[in-house]
Amino acid sequence: MARPPALRDALRVKPGSRVRLERIDAGATHGRDKTSAIAATTREMERLRSLQDRLWAEAKRSVLVVLQGIDAAGKDGTIAKVMEAFNPQGCPVSSFKVPTPEELGHDFLWRIHKRTPRKGEIGIFNRSHYEDVLVVRVHDIVPRKVWAARYDQINAFEDTLTKGGTTIVKFFLTIDREEQRQRFQDRVDDPKKRWKFSMGDLEERKLWDDYQAAFDEALSKTSTAAAPWYVIPANRNWFRNLAVATILADTIAELKPAYPPAPDLPAGLVIE
């Protein structure tokens with residue numbers, strides 16, 4: 001039996017390639033089955049726990065995880081499941097919603113830069129600076145010449161972060177239109193989930209094609225060797241969790257984080 005392809009290679013958006021989300025099967029599992037995937041995810045989370053501990057102790061580098069996807073794609077679920085592997089004191093989570101008046105008084109990256117992780121931290125962005133080439137484009141909030149220039153600005157910003165010691169891992173969670181419909185319906189039908197739903201979600205759903213075009217261009221223009229995008233088929237939560245955990249663990253492992261050398265202590269030291 002052939003071994004399934006490595007997820008990091010299979011799901012990475014190669015720099016310079018052209019993304020078409022409509023051609024990607026959001027229900028794909030790349031040869032994995034649910035039972036073994038759940039067990040593998042548990043192992044990857046143990047690996048992530050160990051890697052974070054060493055990264056935190058070393059305090060020399062940081063990791064930034066960017067999560068993007070259409071409404072109901074599973075960003076919150078990914079954080080709740082996969083990122084529970086991390087000690088919260090070294091894993092700040094930032095969500096970027098409608099800019100405040102103060103934030104609008106600055107360039108679009110101002111509010112982003114001050115939330116990037118410090119050395120030793122693994123920072124999570126639940127939505128991010130990419131909203132400024134997605135929502136603003138779909139809703140015509142700024143002129144085309146403004147948002148179109150932001151792809152290069154984002155690449156330059158991320159290049160600055162990586163050269164300063166931050167490793168960037170970007171995950172785009174893709175679901176198909178029918179899966180989004182079902183997830184919205186589940187929220188409506190379940191009193192415990194209904195708080196997540198608003199009628200505005202239906203207005204945004206009408207713009208599905210516009211969002212897909214915006215996603216396609218953003219993924220195509222901003223997946224670089226230093227800060228790659230990974231398109232994660234997210235119809236099946238168990239595969240989404242496996243893919244994100246595995247790719248993130250493989251990426252951090254390449255940094256080879258290590259505990260700092262133990263200090264010299266007096267021979268025979270006894271703590272009383």
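Colleague: In this predicted model, how should I read the surroundings of strand E3, residues 122-126, and how many of the residues in E3 are buried?

Modeller: A residue counts as buried when its relative accessible area is under 20%, and in strand E3 that applies to 5 of the 5 residues, so the strand is largely enclosed by the rest of the structure. The side chains can then be sorted by direction, since Ile122, Ile124 and Asn126 point one way from E3 while Gly123 and Phe125 point the other way, and all of these are buried.

Colleague: Which strands pair with E3, and in what sense do they run?

Modeller: Strands of a sheet pair through backbone hydrogen bonds, and the pairing may be parallel or antiparallel. Here strand E1, residues 62-69, runs parallel to E3 and is joined to it by 5 bridges, and strand E2, residues 93-95, also pairs with E3 in the parallel sense, over 3 bridges. Asparagine 126 is a useful residue to locate in the viewer, as leucine 67 stands opposite it, and serine 95 stands opposite asparagine 126 as well.

Colleague: In what order do the strands lie in the sheet?

Modeller: The sheet is open and is formed by 5 strands in the order E2-E3-E1-E4-E5, with parallel pairing. E2 and strand E5 (229-233) stand at the edges with a single partner strand each, and therefore one side of each has no neighbour in the sheet. Neighbouring strands of this sheet are turned against each other by 20 degrees on average, with direction ignored.

Colleague: Turning to helices, what does the span of helix H10 come to, and how much of H10 is covered?

Modeller: Helix H10, residues 208-222, has 15 residues and reaches 21 Å from its first C-alpha to its last, which is close to the 21 Å expected at 1.5 Å a residue. The helix is mostly covered, with 11 of its 15 residues buried, and among them are Trp208, Tyr211, Phe215 and Leu219, as well as Asp216 and Glu217.

Colleague: Which residues form a nonpolar patch on the surface?

Modeller: Leu265, Leu269 and Ile271 form such a patch, and together they have about 360 Å² of accessible area. Leucine 265 lies in the segment after helix H11 (237-254), and since exposed means over 50% relative accessible area, its value of 58% makes leucine 265 an exposed residue.

How values were computed
Residues are numbered from 1 along each chain as its sequence is written. This is a predicted model: local features need pLDDT of at least 70, side-chain atom pairs count only at pLDDT 80 or more; totals for chains, interfaces and linings use all residues. Side-chain values use heavy atoms; hydrogens and water are left out. Buried means under 20% relative accessible area, exposed over 50%, partly exposed in between (1.4 Å probe, protein chains only). Helices (H or I, at least four residues) and strands (E, at least two) are DSSP runs, numbered from the N terminus. Two strands pair if DSSP finds at least two bridges between them. The expected span of a helix is 1.5 Å times one less than its number of residues. Patches are made of residues with over 30% relative accessible area and no salt bridge: like charges are joined within 9 Å, nonpolar side chains (Val, Leu, Ile, Met, Phe, Trp, Tyr) within 5 Å. Accessible areas come from the Shrake-Rupley method with a 1.4 Å probe; for residues, only the protein chains shown count as cover. A salt bridge is a side-chain nitrogen of Lys or Arg within 4 Å of a carboxyl oxygen of Asp or Glu. Axes are lines fitted to C-alpha atoms, for helices over the stretch in contact, and angles run from 0 to 180 degrees between N-to-C directions.
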